[in-house]
Structures are given as C-alpha cells and as structure tokens.
Amino acid sequence: QVQLVESGGGLVQAGGSLGLSCVASGSIERFIAMAWFRQAPGKQRELVAVITNGGSTTYSDSVKGRFTISSDNAKTVYLQMNSLKPEDTAVYYCHARHGVPGQVYDYWGQGTQVTVSS
C-alpha cells in the first residue's frame, strides 16, 4: 500500500512564497515520476509540474519561472512556489507513478489547500 502525504499549504498574500512537501510511504522504492497537480473550485485538475526519476522537470506555462519542483530521493517531492498570484489558489495534489510501460499505477495524496489573497 502506497500513501502520499502532503504538507505546507496555507494562506499567503500575492507576491509571497510557499513550499509544499510530499512524502511517499509503502513498499515501492522508486517511482517513474512524481508530480504536483492542482484543482481550483469549478475547474478541472491540472498538471503543475513533473519530475522524473532521472531528474527531468516539466512545468505548466502558468507557473514556469515561478515554481520549482525538486526531489532529494526517490520518494519525496517538493514544490517551491514564488511570486504567487490569486489565480494560484487551489487544492494541490501530490501524484506518483510506478510501473513499467504498458502497466502503470497512479497514486494520489489527499491534497493541501493553497490560498493566495490579493
């Protein structure tokens, strides 16, 4: 059983910074990739940033240059969010993928609220 536990959300003023953390527990030693998604009220869940087990990163255009995804081992991922905007307000979810081509397993955290006030 794999569990992802996020921490670090909260309330911040526009222009401020927040850092999110996600720690995975369970029998899997290494994931193919870990990522952060977010979902604002009334909107679909969207990808924010991904980091592969090789260290490659990808960002959505809306956060590029402001957010940084990182990992210090195969089961922990961080999201540093700078220059936050009110439109960054959402529930942020940690995601991890495990498996081999053709058979993958996706895991999700419970989500952490990020609120940016104007």
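Me: How far apart are the mean positions of the positive and negative charges of the chain?
Reply: They sit 3 Å apart, taken over 9 positive and 8 negative charges. Keep in mind that this is a predicted model. Lys and Arg make up the positive set and Asp and Glu the negative one, so His isn't part of the tally.

Me: What makes the elements of the chain β-β-β-β-β-β-β-β-β-β-β?
Reply: The chain has 11 strands and zero helices. Read from the N terminus, that gives an unbroken run of β in the element list.

Me: How do you know what radius of gyration a compact globule with 118 residues would have?
Reply: There's a rule of thumb for that: 2.2 Å times the number of residues to the power 0.38. For 118 residues it gives a value near 13 Å, and the chain comes in at 14 Å, so the two agree. As for the box around the C-alpha atoms, it is roughly 45 × 25 × 25 Å along the principal axes.

Me: What share of the residues count as buried?
Reply: Of the 118 residues, 41% do. The test is a relative accessible area under 20%. On the outside, the accessible surface is about 6300 Å², with 49% of it belonging to carbon and sulfur atoms.

Me: Which share of the contacts with a separation of 6 or more comes from residues 24 or more positions apart?
Reply: That share is 55%.

Me: Why is the pair of Glu46 and Arg38 called a salt bridge?
Reply: The closest N and O atoms of Glu46 and Arg38 are 2.6 Å apart. The cut-off is 4 Å between a Lys or Arg side-chain nitrogen and a carboxyl oxygen of Asp or Glu, so the pair qualifies. The general idea is simple: side chains of opposite charge can pair when their charged atoms come close.

Me: Why does Arg38 count as buried, and why does Glu46 count as partly exposed?
Reply: Arg38 has 5% relative accessibility, so it counts as buried. Glu46 is at 35%, so it counts as partly exposed. The partly exposed class runs between the 20% and 50% limits.

Me: What makes Asp88 and Arg38 a salt bridge as well?
Reply: Their side chains meet at 2.9 Å, N to O. With the limit at 4 Å, that counts too. This pair links distant parts of the chain: Arg38 is in strand E4 (residues 33–39), while Asp88 is in the loop between strand E8 (76–81) and strand E9 (90–100), 50 residues apart.

Me: Why is Asp88 called buried?
Reply: Its relative accessible area is 0%, so Asp88 goes in the buried class. Leaving out residues up to four places away in sequence, Asp88 touches Arg38, Arg66, Phe67, Ser83, Val114 and Val116. Val63 is 25 residues from Asp88 in sequence, with 8.6 Å between the C-alpha atoms.

Me: How many salt bridges are there by this rule?
Reply: Five. One of them joins Arg97 to Asp106, with the closest N and O atoms 2.7 Å apart. Both ends of that pair are partly exposed: Arg97 has a relative accessible area of 33%, and Asp106 has 37%. Elsewhere, salt bridges that share partners tie Arg38, Glu46, Arg66 and Asp88 into one network.

Me: What makes His95 buried?
Reply: Its relative accessible area is 8%, so His95 falls in the buried class. The residue lies in strand E9. Beyond its sequence neighbours within four places, His95 is in contact with several residues, including Leu4, Met34, Phe37, Tyr107 and Trp108. The C-alpha atom of Gly109, 14 residues along the chain from His95, is 6.5 Å from that of His95.

Me: What is unusual about the phi of Ser83, which is not a glycine?
Reply: Most residues other than glycine have a negative phi. Ser83 has a positive one, about 50°. Ser83 is placed in the loop between E8 and E9, and at 41% relative accessibility it counts as partly exposed.

Me: Why does Gly16 count as buried?
Reply: Gly16 has 18% relative accessibility, so it counts as buried; the line is drawn at 20%. Gly16 sits in the loop between strand E2 (10–13) and strand E3 (18–25). Setting aside neighbours within four places in sequence, Gly16 is in contact with Met81, Asn82, Ser83 and Leu84.

Note on methods:
Residues numbered from 1 in each chain as written. Predicted model: local features only at pLDDT ≥ 70, side-chain atom pairs only at ≥ 80, totals over all residues. Heavy atoms only, no water. Buried < 20%, exposed > 50% of the residue type's maximum accessible area, 1.4 Å probe, protein only. Helix = DSSP H or I, 4+ residues; strand = E, 2+ residues; numbered from the N terminus. Contact = heavy atoms within 4.5 Å. Areas by Shrake-Rupley, 256 points an atom, 1.4 Å probe, with all protein chains shown as cover. Charge placed at Lys NZ, Arg CZ, Asp CG, Glu CD.
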